[in-house]
Amino acid sequence: MEAIILGAGPCGLTAAWELAKRGVKVTIVEKDNVVGGLCKTVRHGDYRFDLGGHRFISKDEELVKEIKTLLGDSLLRQSRKSSIRFKDRQFDYPINIPNILSQSSARDCFRFTAGYLASALGLYRSKAAEGSFEAWVDKSFGRPLNEYFFKPYTEKLWGISAGELSDEWAGQRISLLNAKDAVLKALSFTKEKPRTYAAHYLYPKLGIGQIFTAMADDIKHMGGKIITGFKPVEFKISDSKIKSVVIENETGEGKILTASRFLSTIPVDELARLLYPETEEKLDYRSLRFLNITLNGIADLSNNTWMYTPEADVIMTRIQEPKRRSHLSAPEGKTSVMLEIPCQYMDKTWTMPDKQLLDIVLAHLKTLGFNLRPYVSEVFSSYAHHAYPILKLGSADHVKSLRKKVAGFANLATAGRQGLFKYIFMDTAMLMGRQWARNILGEPVRRSTIETIHNEAKLLESESMV
Ligand SMILES: Cc1cc2nc3c(=O)[nH]c(=O)nc-3n(C[C@H](O)[C@H](O)[C@H](O)COP(=O)(O)OP(=O)(O)OC[C@H]3O[C@@H](n4cnc5c(N)ncnc54)[C@H](O)[C@@H]3O)c2cc1C
């Protein structure tokens, strides 16, 4: 058996790793010049920046063990601390109602508490469409807190109204002591502990990308091939089976690769257009531009792993200080910041020169209480075109029909964040890759089993094994 995998992100690499370990001839085709996908780490002199802050957490004991073995001493076990920076005030994250109330005006305290209780007691009915993210937060935290924190943050991050966004992933991602649980707990009707985020996570010394460069080295060591800088341009098909794929680099140099099994982890709408050139459906992705700034004359920005910045008129959604994850992300005695700035691919924010964006960012950081201008040393940007799949209300059918379209070939599967257009964590993507490999190695699972790995509606982080 020979296998070809499109995309060298966590899903594609883990699939190839599993196959290479079992002696299968595997080739990965990656359009970027490096491996890792959204989990790559960019090196800039003595500094390292991920594409957004990443943490490795998983409930899968076997996967955690394998990553520990792969990285050995290079893997750090870190504690997380996150907060919300709002004007010059700082709130705990996960949201903690007493903490919010202790920093709010008497009027806001009353509004938040009344809104929260009204939701808990079922006295408030959200006006937002059922199944929308806006309605979910109204129900979970009350309308006033939604308007204060969640709605502006969500709309800035996703670029659409919170009422148009599906609540599909809300329960998996947002830790809640929701209003109903809080009231039941206060009245001692429940002893259940609130589900909360993982307090610890694993992180490689050289950035999250080290997991995937180490995996790529291991794949090559076992005889696998990784072709970077190339993407698929055509499939050769016969009898409803993919026979080979034609790949090309930016200069138009081409190759034909033949195999008996194919896994695609590239965006599913792109795959559909390759298989059926008449395909018109396009999915919506939110992009991120990361402004990476090295600082001189300041050793620490804060003790937070990351800070959310929900205000609508602040351009970034999160502030990351890479050395909080690994001390090797910045030289000793120095630090750096990375700002996550949501945008659309090729829009004004995506294309703005670094210097112009830096001026905006520094002004906004100042309103949040960080005057960094005197310390700025160097600045550069990194980009993620397909950072988030925009899951609009009602788009599930559209996604399903695209997935169905590409499912008509017995020896081709699609998986991962882009391949399934799902808002998943890296370990879920890795488990999908591993499951596909085991499937073709003779541990049959239904295709849907791969698609639904970690489909549960409850907070995913709460039982991680690190
Ligand atoms: C800001 C941010 C923070 C995150 N933080 C965390 C975190 O803390 N913990 C966590 O677990 N997860 C986190 N994630 C999610 C994590 O990054 C993804 O779940 C994971 O990268 C998905 O892996 P994947 O292989 O499915 O997709 P990707 O990482 O997107 O990899 C797909 C690969 O396919 C390649 N490709 C695309 N098109 C083509 C083509 N036409 N031809 C060839 N190759 C192609 C891409 O270049 C890429 O290398 C975060 C994501 C973001 C955006």
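# Domains, a bent helix and a web of charges

The centres of domain 1 and domain 3, taken over C-alpha atoms, are 30 Å apart. The model is a predicted one. Domain 1 is assembled from four stretches of chain, 2–37, 60–71, 207–284 and 392–463. Domain 2 covers 95–186, and domain 3 covers 285–389.

Start with the contact between domain 1 and domain 3. On the domain 1 side, 11 residues take part. They touch six residues of domain 3. The size of an interface is often given as the accessible area lost when the parts come together. Between domain 1 and domain 3 that buried area is about 740 Å². Carbon and sulfur atoms supply 55% of this area. Salt bridges across the interface of domain 1 and domain 3 number zero.

Elsewhere there are charged pairs to follow. The structure as a whole holds 26 salt bridges. One of them joins D354 to R289, with the closest N and O atoms 2.7 Å apart. This pair ties together distant parts of the chain, since D354 sits in helix α12 (residues 354–367) and R289 in strand β14 (residues 285–295). The two are 65 residues apart. Their surroundings can be compared through accessibility. R289 has 0% relative accessibility, so it counts as buried. D354 has 24%, and the limit for buried is under 20%, so D354 counts as partly exposed.

Salt bridges with shared partners also build a network. Its members are E18, R22, D60, E62, R434 and R438. Within it, R22 pairs with E18, and the closest N and O atoms lie 2.8 Å apart. Is each partner buried or partly exposed? R22 has a relative accessible area of 41%, so it is partly exposed. E18 is at 5%, so it counts as buried.

Now move to helix α5 (residues 133–141), where E134 is placed. E134 forms a salt bridge with R143, at 2.8 Å from N to O. Both R143 and E134 are buried. For E134 the relative accessibility is 9%, which is why it counts as buried. Which residues does E134 contact, leaving aside its neighbours within four places in sequence? They are A128, R143, N146, K151, A162 and G163.

R143 leads on to the next helix. Helix α6 spans residues 143–158. A straight helix of 16 residues would span 22 Å at 1.5 Å a residue. The end C-alpha atoms of α6 are only 20 Å apart. Where in α6 does the kink lie? It lies at F150, shortly before the proline P152, and amounts to about 40 degrees. α6 is also mostly covered, with 14 of its 16 residues buried. Just after the helix comes G159, with a positive phi of about 75 degrees.

G159 is a glycine, but positive phi values appear at other residue types here too. Most residues other than glycine have a negative phi, and most peptide bonds are trans. D239 departs from that pattern with a positive phi of about 50 degrees, although it is not a glycine. S240 has a positive phi as well, near 55 degrees, and is likewise a residue other than glycine. D239 lies in the loop between β10 (230–238) and β11 (241–249). S240 is found in the loop between β10 and β11. How exposed are D239 and S240? D239 has a relative accessible area of 71%, so it is exposed. S240 has 47%, so it is partly exposed.

One last loop closes the tour. A407 lies between α13 (396–405) and β19 (412–414). With a relative accessible area of 30%, A407 is partly exposed. Along the chain, A407 and V26 are 381 residues apart. In space, their C-alpha atoms are separated by 21 Å.

Terms used:
Residues are numbered from 1 along each chain as its sequence is written. This is a predicted model: local features need pLDDT of at least 70, side-chain atom pairs count only at pLDDT 80 or more; totals for chains, interfaces and linings use all residues. Side-chain values use heavy atoms; hydrogens and water are left out. Helices (H or I, at least four residues) and strands (E, at least two) are DSSP runs, numbered from the N terminus. The expected span of a helix is 1.5 Å times one less than its number of residues. The bend at a residue is the angle between axes fitted to the seven residues ending there and the seven starting there. Buried means under 20% relative accessible area, exposed over 50%, partly exposed in between (1.4 Å probe, protein chains only). Domain bounds come from an automatic or database domain assignment. Contact means heavy atoms within 4.5 Å. Buried area is the accessible area (1.4 Å probe) that two parts lose on being put together, summed over both. A salt bridge is a side-chain nitrogen of Lys or Arg within 4 Å of a carboxyl oxygen of Asp or Glu.
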